Each structure stands twice: as C-alpha cells, then as structure tokens.
Amino acid sequence: MPLNIRTYHDLTEPDRSGLAEQIGAQRRRVAERLAVVARVVAVMSGKGGVGKSFVTAQLARALARMGRAAGVLDADLNGPTAPRLLRLPVASCTLHDGVVEPAVSPEGVRCFSMGLLLEDGRPLAFRGPAAESFVWRGALEATALRELLADVAWGPLDVLLVDLPPGMQRLAELAELLPAPPAVLTVTIPTPESRDAVRRAMHAARAGGSELVGILENMVGGEFVGSAGEELATEFGIPLLARLRFHPSVHEWDGLAHRVVGSA
Ligand SMILES: Nc1ncnc2c1ncn2[C@@H]1O[C@H](COP(=O)(O)OP(=O)(O)O)[C@@H](O)[C@H]1O
Ligand SMILES: [Mg+2]
C-alpha cells in the first residue's frame, strides 16, 4: 500500500491558505530530524549516468561495514534507484503517526526513496493542471523534498548521503532547507566533456555555500578516456578520493569510505 505524502494534495487544493505556516512548521521539523545527523553529504555531478547513485549506495554500504551509522536519501524523485542498489524491497519503509521509518538494508544502511513507495516504474502522480505541468512538477518536487526531510525519522546518523538527480536544482533546494548547505561529493567520469559539465556544477555548489569534500572519478579504465578527476581536483584544490574502475572490489569501496570519513 503506497504511503500518502500529504503535501502533493495540499498544494493542489484551491484553497492554499495556511501553506506558508505549514512550510515554516516543516522547516522546524527538518531541523529537528537532522539535529541527530552529524553530517549531510550530497552526491553531485553535472552529468547523468556517471554513477552517482551507484557510488552513493556502495559508499553507504562500506560506511556501514566500518560501523558507521549511514543513511541514503534518494532525492531522485522520478527515477529512484537506491532500493535496487541497496537491495531493499518495495514497501520496506513504514509509516506510523505521520512519521516515516526508513528501510534498513542488509548491511544496516537506512534508506528512504520514492522507489520504496511506488510500484516499479510508476511515476509520481502530479495533479496540477496539465498545461502547467512543467512548472508544477518543479514546485511539487521541491515540496516533496521538504516533506520527506520533515517526516523521515533517520535517528542518529554519522552520515546522511543524499543522492541527487541530474541538474543543480535539487542541491539548491536542499541547501535552502537545511540549517547549513550540505557538503558535496562530486562524481565525474574521465572525459573532458564530463569535466566541463561537472566543473560548472562544482562552481555552482561552491557559490551556494557548499564545501566540496572531494572528487570521485568513476568508470576508469574502459572506453572513457581523460583525466577529469585529477584536473578538477587540482583546479578546486580538493582531494581526488578515488579512481574507480568498472565493478570496484569491496576493498576499493572500503578504502573510499575511510577517505571520505577522513575528509570530515
Ligand atoms: N564503477 C561502475 N562499475 C559498474 N557499473 C557502474 C559503475 N558506475 C556506474 N555503474 C552503472 O552505470 C549505470 C549508471 O549509474 P548511475 O549510478 O545510475 O548514474 P547516475 O546516478 O549518475 O545517473 C548504472 O547501471 C550503474 O549501476
Ligand atoms: Mg542517479
């Protein structure tokens, strides 16, 4: 049974009075929920398909193996992938008294994703007017993120990794919601094209007040040729945390997890 995320409906009701008040209350709840989360790290890229979600999930699993309390918020509301990557069945999170309890992976990673609520492949139900659907979609997604951060009871976490969708909008929304802009871990593939797209995203993240904690170069050693990871690390004066080949070993993920924790 899918959970009912209230605000989708609230926003599309003709009478939206009380919305500002509701948003204020949600912000306070977000701050309370995250008061027990030591660190929020957004996983970003300027490009889709470079492995953000893959890296987020494997890094979270490695952190859990290290004994850290790790969570994953899948902020890709329309293309959620975290449940599959963390081996979580649909509907494995629970709702009671308006509080969402995250699902827990076999390694102990706590996760919330729209993919835990919706049947496979079914998009979020947007109920705004069809002609304005583009505008509504953006507004409703920002609302959904605020709602999720207010309602998901992560409990004490050492790290909450936020798997961002492509584009910079969600990071800006997140920065606005949190008490402070999140730290950012950047993923690129080796190519110059990726470097250029990712560079723009890094500038935007830094301009938004986020600390850039490091770069991960992914999909190294195959058909993607270049040294985007090293170049961006030098340019921004931040560590190149890993160069990951296809199908990295458990050992490589563990090494990465240590370096990420060490970068705190
Ligand atoms: N290092 C890797 N080794 C093997 N498969 C990978 C690796 N990185 C990413 N993938 C795969 O590539 C695809 C795209 O990765 P994904 O994490 O979904 O990208 P993004 O979240 O950046 O859009 C997925 O099928 C993912 O499992
Ligand atoms: Mg993704």
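**A colleague's note on strand S9, two unusual phi angles and one aromatic pair**

1. Let's begin with Trp253: this residue is buried, its relative accessible area being 3%. Please keep in mind as you read on that this is a predicted model.

2. Which residue does Trp253 pair with? Its partner is Phe54, and the two rings meet edge-to-face, with 5.7 Å from centre to centre and 70 degrees between the planes. The count of aromatic pairs comes to one. Phe54 sits in helix H3 (residues 52-65) and Trp253 in helix H9, so the pair links parts of the chain that are 199 residues apart.

3. Is Phe54 buried, partly exposed or exposed? With a relative accessibility of 28%, Phe54 counts as partly exposed, because that class lies between the 20% and 50% cut-offs. Trp253, at 3%, falls in the buried class.

4. Now to strand S9, which covers residues 212-220. The strand is mostly covered, and nine of its nine residues are buried. On one side of the pairing list is strand S8 (residues 183-188), which runs parallel to S9 and is joined to it over five bridges. If you would like a spot to look at, Val184 stands opposite Leu212 of S9. Between S8 and S9 the chain passes through helix H7 (residues 192-207), and this β-α-β crossover is right-handed.

5. S9 also pairs with S10: four bridges join the two strands, and they run parallel. Here Leu216 has Ala242 in S10 as its bridge partner. Together with helix H8 (residues 228-236), S9 and S10 make a β-α-β unit, again one that is right-handed.

6. Two backbone angles deserve a look. Most residues other than glycine have a negative phi. Met219, however, has a positive phi near 65 degrees. This residue is placed within strand S9, and with a relative accessible area of 17% it is buried, because the cut-off for that class is under 20%.

7. Where does His247 lie? This residue is in the loop between strand S10 (240-245) and helix H9 (250-262). His247 is not a glycine, yet its phi is positive, at about 50 degrees. Its relative accessibility is 71%, so His247 counts as exposed, whereas Met219 is buried.

Notes. Residues are numbered from 1 along each chain as its sequence is written. Chains are lettered from A and ligands numbered from 1 in the order in which they are written. This is a predicted model: local features need pLDDT of at least 70, side-chain atom pairs count only at pLDDT 80 or more; totals for chains, interfaces and linings use all residues. Side-chain values use heavy atoms; hydrogens and water are left out. Buried means under 20% relative accessible area, exposed over 50%, partly exposed in between (1.4 Å probe, protein chains only). Two strands pair if DSSP finds at least two bridges between them. A crossover is right-handed if, with the strands pointing away from the viewer, the path from the first strand over the helix to the second runs clockwise. Rings of Phe, Tyr and Trp (its six-membered ring) pair if their centres lie within 6.5 Å; planes under 30 degrees apart count as stacked, over 60 as edge-to-face and the rest as tilted.
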